[in-house]
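Get your viewer ready and keep the selection box handy. We'll go stop by stop, picking a few residues each time and saying what is there.

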Amino acid sequence: FPVEDIRNFSIIAHVDHGKSTLADRLLELTGTIDKTQKNKQVLDKLQVERERGITVKAQTASLFYSFGGKQYLLNLIDTPGHVDFSYEVSRSLSACQGVLLVVDANEGIQAQTVANFFLAFEAQLSVIPVINKIDLKNADPERVGKQIEKVFDIPSEECIKISAKLGTNVDSVLQAVIERIPPPKVHRANPLKALVFDSTFDQYRGVVASIALFDGMLSKGDKIVSAHTKKTYEVNQVGILNPNEQPTHKLYAGQVGFLIAGMKDVTEAQIGDTLYLHNHPVEPLPGFKSAKPMVFAGVYPIDQSEYNNLKSAIEKLTLNDSSVTVHRDSSLALGAGWRLGFLGLLHMEVFNQRLEQEYNASVILTTPTVPYKAVLSSAKLIKEYKEKEITIINPAQFPDKSKVTEYLEPVVLGTVITPTEYTGKIMELCQARRAIQKNMTFIDENRVMLKYLFPLNEIVVDFYDSLKSLSSGYASFDYEDAGYQTADLIKMDILLNGNIVEELVTVVHREKAYTVGKSICERLKDSLPRQLFEIAVQAAIGSKVIARETVKAYRKNVLAKCYGGDITRKMKLLKRQAEGKKKLRKIGNIEIPKNAFIKVLKTQ
Ligand code: GDP
Ligand code: MG
């Protein structure tokens, strides 16, 4: 294929606006997949993707399309649709020259539409707005066209109005791809320069990397080098994705496809890496950075006898997802486990769900935390820690104020789009989460876009759910990384009759200490069995108690319920009580069942 006849593009959209459905129609129209099959989100291969309707791993497909008497090669490069994966989105976009920006004709522009548009805009791609679902009864494509003009400065006449579900007008989308997106700017005569924009692990063949060729060509048998690791590999197989792998003899600059070269795990083919021919080094493509985990959580087997199973499941899953960081950890309460780092909350949930569904592992996931930083105050300390700033991913490592000039917390720039009637309530919610308003724009008469700077830890647990419930599901939210800010952080202890429970130590913002402390005390009180003496459950900062709950003395008599009834029932109850008390941990003279810890530590 001559370069002029190639187009590389991607589809971006807010979740559920119809990206996968449009991809199915494009695949059908170009004969890539058969229309008679039940084509529902063909590119979403993982079970969690189908269930949650999101794309976790990007998939790519090469489409052949005849237009104006000419054959074109259209490479559809799928991107993960969610902000957690925004680094991967921007890498996929760098293999494209244009995007289809899909917007639901009923819902209009949503937060993720805005975030995705700016990723494409910053990458200087041609943006083709596509208004989808015009078949819906409440569709208002005119209004959405005006929103697009207002927010993105794209003339509303440029919008293509379609129904991906029914296939209406989808062929004009393909024509627009050919007419409005430029062919890739590449040099086939130069030595190979290829971008890795995705990679997956296959048990039998090792790593399968998705690549885009910027310069030169690539054949089976070539010796290639990773600019990131400097390791050399021999190419075993190259080909196009159709959307299944179809081996070819060569790949040429301007094309995208797959590569298998004996790489053993995905860290050897990291997203954003540049590949070149052995002995022909090239300037690597800009922007390689390792994905940075922003949310950490402890993962423990429910039963320690399952430790080895869980270990192998985590190993297998991380082979496929190098953005998850893994550290061994252990907790007095929960036993041996791991502390895992994720790109964001959705990434964490998806990982957990895959552990359960694909590997049948049942796990305890602890409440997520964010990576705080502490700037050390003396040269001596810097020498001791070998760093000026230490990152604290575990509250147990929180350095005392006396060692620190300041603490820092990660912040994000959040976008909320909502019908105007919920604006007041949403502003209250944002304020309660210590957010600072940066901007407010009306995108039409009854919709407003709010921009806030949020401390990341204020949104990792239940912000999204609160936002959805106070707006009856109508507000949408998205965010991007905005660095670190100074934070007034303190370490909070939880005490039982004056003894510290080490596994419940938390790092909190001073303003939030009371609320968080009270909630932990309440949950602990509710899950501690009553004993023969009273128990004081306290949250304290240093020696100052800030919250207290009391577990009254009372020995629960399980037999009382039976009214002297049948004996087997009594025995069952006694047995159950004994099981519930297994694996007790003693703090002072108080026995804590494992379940109590799970209830306090687990994600709500
Ligand atoms: P994605 O999250 O952007 O990939 O969205 P999907 O393609 O999974 O679509 C989300 C939902 O919208 C699915 O239930 C689709 O059947 C539905 N949908 C997609 N396109 C249309 C359309 O043109 N009209 C209607 N009525 N529904 C559509
Ligand atoms: Mg989808």
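Which residue forms a salt bridge with Arg 25? Select Glu 28: the closest N and O atoms of the two are 3.1 Å apart. A salt bridge here is a side-chain nitrogen of Lys or Arg within 4 Å of a carboxyl oxygen of Asp or Glu.

Before going on, some ground rules. This is a predicted model, in which local features need pLDDT of at least 70 and side-chain atom pairs count only at pLDDT 80 or more, while totals for chains, interfaces and linings use all residues. Residues are numbered from 1 along each chain as its sequence is written, chains are lettered from A and ligands numbered from 1 in the order in which they are written, and side-chain values use heavy atoms, with hydrogens and water left out.

**Stop 1: helix 1**

Select residues 19-29, which make up helix 1. Helices (H or I, at least four residues) and strands (E, at least two) are DSSP runs, numbered from the N terminus. Arg 25 and Glu 28 both sit in this helix, three residues apart, about one turn. An α-helix has 3.6 residues a turn, so residues three or four places apart point the same way.

Are the two partners buried or exposed? Buried means under 20% relative accessible area, exposed over 50%, and partly exposed in between (1.4 Å probe, protein chains only). Arg 25 counts as buried at 14%, and Glu 28 counts as buried at 12%.

They have company: nine of the eleven residues of helix 1 are buried, so the helix is largely enclosed by the rest of the structure. Among them are Leu 22, Ala 23, Leu 26 and Leu 27. Now show what surrounds the helix. Its buried residues pack against strand 1, strand 2, strand 3, strand 4 (98-104) and helix 6 (170-180), where contact means heavy atoms within 4.5 Å. Just after the helix, click Gly 31, which takes a positive phi of about 70°.

**Stop 2: strand 3 and its partners**

Next, select strand 3 (residues 70-77). Six of its eight residues are buried, so this strand too is largely enclosed by the rest of the structure. Two strands pair if DSSP finds at least two bridges between them.

Add strand 1 (residues 6-13): four bridges join it to strand 3, and the two run parallel. To find one of the bridges, pick Ile 6 and its partner Leu 73. Then add strand 2 (residues 60-67), which runs antiparallel to strand 3 and is joined to it by eight bridges. Here Leu 63 has Leu 74 as its bridge partner. Strand 2 and strand 3 form a hairpin with two residues between them, and Gly 68 in the turn has a positive phi of about 60°.

**Stop 3: other salt bridges**

The model has 17 salt bridges by the rule above. Side chains of opposite charge can pair when their charged atoms come close.

Select Arg 205 and Glu 245, whose side chains meet in a salt bridge at 2.6 Å, N to O. This pair links distant parts of the chain, 40 residues apart: Arg 205 is in the loop between strand 7 (193-202) and strand 8 (206-215), and Glu 245 is in strand 13 (residues 245-248). Arg 205 is partly exposed, with a relative accessible area of 33%, and Glu 245 is partly exposed at 33%.

Jump to helix 12 (residues 513-527), where Glu 522 and Lys 518 are four residues apart, about one helical turn. Their side chains meet at 2.7 Å, N to O. Glu 522 is partly exposed at 32%, and Lys 518 is partly exposed at 29%.

For a bigger selection, take Glu 409, Arg 434, Glu 458 and Lys 512: salt bridges link them in a network.

**Stop 4: the cysteines**

How many disulfides does the structure hold? Zero, a disulfide being a pair of cysteine sulfur atoms within 2.5 Å. Pick Cys 96: its sulfur is 20 Å from the closest cysteine sulfur, in Cys 159, too far for a bond. Cys 96 is buried at 4% relative accessible area, and Cys 521 is buried at 1%.

**Last stop: zoom out**

Show the whole protein, with its 14 helices and 33 strands. Buried residues make up 53% of the 604 residues. Among contacts between residues at least 6 apart in sequence, 68% join residues at least 24 apart.
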